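Work through the following exercises with the sequence and the model open side by side. Each task is followed by a solution that proceeds step by step.

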Amino acid sequence: MKTTALARLLTAVVCLGALTLLTGCFETKDEFTVNPDGSGKVTHECSFQQVNLGGDNEATEDSLKEAIGKVITEAKGVEAWRDVSYKRLDDGRLFFKGTAYFTNLNTLDIPNQTMLEFDWKKSGGGALLTLRTNKSEKKEGFQMEKKSVDWAKLTPDERTKKLKEERAKFQQAKAMMSAFMGSMKHEVMFHLP
């Protein structure tokens, strides 16, 4: 039983560490033009840190092309790309800009795009665009169950001790989230019919 809890904790720590490495200074800017049927185009700009977990941090032209190629080939729902450009920024991050054409906004998924999901539904004589975070859907995976504390049953000394523990946990989480989210920037603009 304790082994399972330890394994879950280690999995969570490794995942959080990987997320921190993967996000680095991450910025995106997307400008969508959506047609009444849900098709359209998006001019996608992103700058991100190339992470190589194999220890090879060589910033070669081939590694740049490989990283940018992944943005194009791993994009889902894109019918064609146009006006693609890329470069390595002075701070070592990669910059990508391109216009992606799609037939269905609901199936569009571009790596390094945004933390939002878009849903386009025809509604009567018009349409409805819904934005939600990627975390909106409940997905299988690591979950931690938090035990609630009945503060009324605690003595004043126990309450003080518990409050100090909770504040310490908050400060730890705050520092981690600030490091993780502090350099992220997402900008999305829509031109709708």
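**Exercise 1: a ring and its partner**

Is Phe-32 buried or exposed, and how is its ring arranged against that of Phe-190?

Solution. In this predicted model, Phe-32 has a relative accessible area of 0%, and since buried means under 20%, the residue is buried. The structure holds five aromatic pairs. In the one formed by Phe-32 and Phe-190, the ring centres are 4.6 Å apart and the planes stand at 10°, so the pair is stacked, planes under 30 degrees apart being the criterion. Because Phe-32 belongs to strand 1 (residues 26-34) and Phe-190 to strand 7 (residues 184-191), the pair ties together parts that are 158 residues apart in sequence. Phe-32 and Phe-190 also form one aromatic cluster with Phe-102 and Phe-118.

**Exercise 2: a second pair**

Classify the arrangement of the rings of Trp-81 and Phe-96.

Solution. The ring centres of Trp-81 and Phe-96 lie 5.5 Å apart with the planes at 85°, so this pair is edge-to-face. Trp-81 is in strand 3 (residues 78-88) and Phe-96 in strand 4 (residues 94-102), and the pair therefore ties together parts that are 15 residues apart in sequence. Phe-96 counts as buried, at 0% relative accessibility.

**Exercise 3: the nonpolar core**

Which residues have the most contacts inside the largest nonpolar core, and which elements each supply at least two of its residues?

Solution. The largest nonpolar core has 22 residues, and those with the most contacts inside it are Phe-32, Val-42, Phe-48, Leu-105, Leu-108 and Ile-110. At least two core residues come from each of strand 1, strand 2 (40-48), helix 2 (61-73), strand 4 and strand 5 (116-123). Leu-105 touches, among others, Phe-32, Phe-118 and Phe-190, residues up to four places away in sequence not being counted.

Definitions and conventions:
Residues are numbered from 1 along each chain as its sequence is written. This is a predicted model: local features need pLDDT of at least 70, side-chain atom pairs count only at pLDDT 80 or more; totals for chains, interfaces and linings use all residues. Side-chain values use heavy atoms; hydrogens and water are left out. Rings of Phe, Tyr and Trp (its six-membered ring) pair if their centres lie within 6.5 Å; planes under 30 degrees apart count as stacked, over 60 as edge-to-face and the rest as tilted. Helices (H or I, at least four residues) and strands (E, at least two) are DSSP runs, numbered from the N terminus. Buried means under 20% relative accessible area, exposed over 50%, partly exposed in between (1.4 Å probe, protein chains only). A nonpolar core is a set of buried Ala, Val, Leu, Ile, Met, Phe, Trp, Tyr and Cys residues joined through side-chain atoms within 4.5 Å. Contact means heavy atoms within 4.5 Å.
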